[in-house]
Amino acid sequence: MNEDAFKIYIEQLREGHEEKINEKLDPSFLEINEPDLIFDKPVKLEGVAYLAEHELVFHWDIRTEVIISCSICNEPVLVPIHIQNFYYSEPTKEIKTGIYNFKDLLRETILLEVPAFAECNDGKCPKRQEFQKYLKESSDQPSDDEGYQPFADLD
């Protein structure tokens, strides 16, 4: 993987210049080795980096796809991840070398958007009916038994 794709040179952004970012990155930079979390599609990153006063500012649109297991049947589900208008700023005084590597920032941003649960067939897993008998029926009435609430009588 070309590490230069993740580097922003602060000195080149002086005097109102901005660096356009348009990259199609191999997902290996995410360093995910989980059987139930698979990134095998490229990460498309578009945006700009610029200086605003004493801050390095990123404005990105990020697109990729992740494969996670269906919560019901454990079959693989392809889930799109699209992050629009992501902004991040870093104080330039904290960038000691004059070069900012945004690889970790991009990785964290993507991983935070991975859903905790997914269901195949757009939320209509065919095996849901098999498991329905094991699930509690939800009622529209609020339950009186909401668990122990030690501070309920404080008014």
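**Surface, fold and selected residues of the predicted chain**

The chain exposes about 11300 Å², of which carbon and sulfur atoms supply 46%. The coordinates analysed here belong to a predicted model, and every value reported below was computed from them. Of the 155 residues in the chain, 30% are buried. The charged side chains comprise 16 positive and 33 negative charges, and the mean positions of these two sets lie 5 Å apart.

In its secondary structure the chain comprises seven strands and three helices, and these elements follow one another along the sequence in the pattern β-β-β-β-β-β-β-α-α-α. The radius of gyration of the chain is 22 Å, whereas a compact globule of 155 residues would have a value near 15 Å. Taken along the principal axes, the box filled by the C-alpha atoms is roughly 65 × 50 × 25 Å. When contacts between residues at least 6 apart in sequence are considered, 63% of them join residues at least 24 apart.

Individual positions illustrate how parts of the sequence are brought together. Ala5, which lies in the segment before strand 1 (7-9), has a relative accessible area of 16% and is therefore classed as buried, the limit being under 20%. Not counting residues up to four places away in sequence, Ala5 touches Glu23, Leu25 and Phe102. The C-alpha atoms of Ala5 and Lys103 are 8.8 Å apart in space, although these two residues are separated by 98 residues in sequence; Lys103 falls at the start of the range given for helix 1 (residues 103-112).

Helix 1 (residues 103-112) also contains Thr109, a residue that is buried, with a relative accessible area of 8%. A polar atom of the Thr109 side chain is placed 2.7 Å from the backbone oxygen of Leu105. With neighbours within four places in sequence left aside, the residues in contact with Thr109 are Ile62, Ile83 and Phe86. Of these partners, Ile62 falls within the range of strand 5 (55-69), and both Ile83 and Phe86 fall within that of strand 6 (76-91).

A further buried position is Ile95, with a relative accessible area of 11%, located in the loop between strand 6 (76-91) and strand 7 (99-101). Beyond its neighbours within four places in sequence, Ile95 is in contact with Ile10, Leu56, Glu90 and Tyr100. The separation between the C-alpha atoms of Ile95 and Phe151 is 47 Å, with these positions 56 residues apart along the chain.

Positive phi values in residues other than glycine were found at positions that include Glu53, where phi is near 60°, and Asp122, where phi is near 55°. Glu53 is situated in the loop between strand 4 (43-52) and strand 5 (55-69), whereas Asp122 has its place in helix 2 (residues 120-123). The relative accessibility of Glu53 is 74%, so this residue counts as exposed. Asp122 likewise counts as exposed, because its relative accessibility is 77% and the class requires a value over 50%.

Note on methods:
Residues numbered from 1 in each chain as written. Predicted model: local features only at pLDDT ≥ 70, side-chain atom pairs only at ≥ 80, totals over all residues. Heavy atoms only, no water. Helix = DSSP H or I, 4+ residues; strand = E, 2+ residues; numbered from the N terminus. Rg over C-alpha atoms; globule rule 2.2 N^0.38 Å. Buried < 20%, exposed > 50% of the residue type's maximum accessible area, 1.4 Å probe, protein only. Contact = heavy atoms within 4.5 Å. Areas by Shrake-Rupley, 256 points an atom, 1.4 Å probe, with all protein chains shown as cover. Lys, Arg positive; Asp, Glu negative; His and termini not counted. Charge placed at Lys NZ, Arg CZ, Asp CG, Glu CD. Polar contact = N/O pair within 3.5 Å; in protein donor to acceptor, adjacent residues only side chain to side chain.
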